[in-house]
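Colleague: I'm new to this one. Could you show it to me and let me ask how you know things?

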Amino acid sequence: MKKLFASAKFKKFLGQFFTYFYMILLSIIIIYPLLITISSAFRAGNINAFDLNFNSKWTLNNFKRLFEETYYLQWYKNTLIVAVSTMVVQVMAVTLAGYAYSRYNFFGRKNSLMFFLIVQMVPTMAALTAFFVMALLMKAINQFWFLSLIYIGGGIPMNTWLMKGYFDTVPYDLDESANLDGAGHFRRFWQIVLPLVRPMIAVQALWAFMGPFGDFMLSKFLLRKEELYTLAPGLQTFINDQRNQKVALFAAGSILIAVPISILFFVLQKNFVTGLTKGGTKG
């Protein structure tokens, strides 16, 4: 018996068993709430609670009501405006900052990196009062540009560190070779180094785009008019009244949130793999 438990074959079996058990457990945790949401979104009639039931009649009426009876399309538009602007500006800022910290030595470089770490330790929710006061002083209540700036500023510190670390993996010999060939600073960045970090840029873009779709507290705090809500606080209005919860509309709206995120993921997916090989060929 001892020889059996000590054998390499048994250890391999035990490792595979716990690996598959862990994967199955995670799949259940992820898929089960998704199935509940899907069944609630397509179920006919009034639904007062979330439950898994595929026996009821299925209908698309919940989506029709969502578009015709609520501000959902306006919330969707608001969220896309904030998400796209946040993604574009944040990716540009983080990429340039990461390259500068990785490739250049300048006054305050080390101290500013440490400052980024310290700022990141403070949760965004701890600064809600400060954000509200700033919004009042700048007359930015119910303004998408102010909300986008907060998302951008909150994402810069840690993401700059991540980009710097990724830029550090690119051999500096490429920069020196390009410099000997007469390439300037911008050309080295744009044609030599940038293609090599495309996988991380794609990840940064996806993270920045997803943020406004899932944030509730900050957008609820700064956007006070219902028609100006983003999706998270907008959907919350469907279930905040315990006596009249619109569970079916909430589930239908939640499913549609995944559409633009999924599209962006599939658009950027090729960069996760091909960014390194294409960049290496150009270098």
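Modeller: Sure, one term up front: helices (H or I, at least four residues) and strands (E, at least two) are DSSP runs, numbered from the N terminus. This is a predicted model, where local features need pLDDT of at least 70, side-chain atom pairs count only at pLDDT 80 or more, and totals for chains, interfaces and linings use all residues. Residues are numbered from 1 along each chain as its sequence is written, and side-chain values use heavy atoms, with hydrogens and water left out.

Colleague: What makes up residues 76-268?

Modeller: That stretch is 75% helix and 0% strand, with its end C-alpha atoms 21 Å apart.

Colleague: Why is Gln204 called buried?

Modeller: Buried means under 20% relative accessible area (1.4 Å probe, protein chains only), exposed over 50%, partly exposed in between. Gln204 has 2%, so it is buried. This residue sits in helix H10 (residues 198-214).

Colleague: And why does Met87 count as buried?

Modeller: Its relative accessibility is 15%, so Met87 counts as buried too. Met87 belongs to helix H4 (residues 72-103).

Colleague: Which residues does Met87 touch, leaving out those up to four places away in sequence?

Modeller: Contact means heavy atoms within 4.5 Å. By that rule Met87 touches Ala205, Ala208, Phe209 and Leu264.

Colleague: What is Gln204 in contact with, beyond neighbours within four places in sequence?

Modeller: Val91, Val94, Asn159, Leu162 and Met163 are in contact with Gln204.

Colleague: Where does the kink in H7 lie?

Modeller: At Ile156, shortly before the proline Pro157, and it is about 45 degrees. The bend is the angle between axes fitted to the seven residues ending there and the seven starting there.
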